[in-house]
Amino acid sequence: TNTTLEAAGLSMPVHAAPTRTGLSRALAELKSKLARRTRPATVFFFYAGHGLTGRLLLEPEAGDEASITGKELKLALMELGADHVELFIDACRSQSLFTERGGPDLSQEIASLEARAASTSFGVLTAAQSDKPAGEASDLMGGFFSHVLASGLAGAADADGDDVVRFGELAAF
């Protein structure tokens, strides 16, 4: 990854603890950079870790558990100001992040999110259905989804041979 980023004239982002505070800080920094951009921007958000129904687990800062819900994540990413946001989630029950059922009436909040979403292209690929675990293999040292995603991004998903892997090609791959 470092070699590829360096070849593109980019640097590896500073590593921070995978906590709510670390995630918030990284997103705030990215939002600031996006505000100064002079051309269209696409944000790629990749999470590989543990998921429970409706949320992704983060490293606790206090207490026994920390997480972020799909709704919180989607809102935070949409508020970045990017033209496109692509999410890649390699976690158990990852589809449940974006398919809530039941709960309080959130129709006003949903309408507001939908209005914001209309101005941002938003793509999501997840590793598992809402009620299913994601597959892992020790010889891959991670999840099947991450392995296939990395292969696709490395060029295997480039169906039209133009040396650009587009979201649709990756989703089909």
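**Sheet, helix and rings**

Guide: In this predicted model, Phe46 stands opposite Phe88 in β5. Residues are numbered from 1 along each chain as its sequence is written, and side-chain values use heavy atoms, with hydrogens and water left out. Because the model is predicted, local features need pLDDT of at least 70 and side-chain atom pairs count only at pLDDT 80 or more, whereas totals for chains, interfaces and linings use all residues.

Visitor: What makes β1 and β5 a pair of strands?

Guide: A strand is a DSSP run of E with at least two residues, a helix is a run of H or I with at least four, and both are numbered from the N terminus. Two strands pair if DSSP finds at least two bridges between them, and β1 and β5 (residues 84–90) have 7 bridges in the parallel sense, so the requirement is met.

Visitor: Which strands are called the edge strands of the sheet, and what makes them so?

Guide: The sheet is open, with 3 strands in the order β1-β5-β6 and parallel pairing. Its edge strands are β1 (42–48) and β6 (121–126), each of which pairs on one side only. From one strand to the next, the twist averages 10°.

Visitor: Which strands does helix α3 touch where it packs on the sheet?

Guide: Helix α3 (residues 70–78) touches β1, β5 and β6, where contact means heavy atoms within 4.5 Å. The direction of α3 makes about 150° with that of β5, and such angles run from 0 to 180 degrees between N-to-C directions of axes fitted to C-alpha atoms, for helices over the stretch in contact. Helix α5 (residues 144–156) also packs on the sheet, touching β1, β5 and β6, and its direction makes about 140° with that of β5.

Visitor: How do you know that the span of helix α2 agrees with what it should be?

Guide: The expected span is 1.5 Å times one less than the number of residues. For the 16 residues of α2 (residues 20–35) this gives 22 Å, and the end C-alpha atoms are 22 Å apart, so the two agree.

Visitor: Which residues of α2 are buried, and why are they said to lie on the same side?

Guide: Gly22, Leu23, Leu27 and Leu34 are buried. They cover an arc of only 125° around the axis, which puts them on the same side of α2; the arc is that of the directions from the helix axis to the C-beta atoms. On the other side of α2, Arg25 and Ala35 are exposed, while β1, β4 (66–69) and α3 are among the elements that cover the buried residues.

Visitor: Why is Phe88 called buried and Phe44 exposed?

Guide: Buried means under 20% relative accessible area, exposed over 50%, and partly exposed in between (1.4 Å probe, protein chains only). Phe88, at 3%, therefore counts as buried, Phe44, at 57%, is exposed, and Phe167, at 25%, is partly exposed.

Visitor: Why is one aromatic pair called stacked and the other tilted?

Guide: Rings of Phe, Tyr and Trp (its six-membered ring) pair if their centres lie within 6.5 Å, and planes under 30 degrees apart count as stacked, over 60 as edge-to-face and the rest as tilted. The search of the whole structure finds 2 aromatic pairs. In the pair of Phe44 and Phe88 the centres are 6.3 Å apart and the planes stand at 10°, so this pair is stacked; it links β1 with β5, the residues being 44 apart in the chain. In the pair of Phe88 and Phe167 the centres are 6.3 Å apart but the planes stand at 45°, so this pair is tilted. Phe167 belongs to helix α6 (residues 167–172) and is 79 residues apart from Phe88. Ring pairs thus link Phe44, Phe88 and Phe167 into a cluster.
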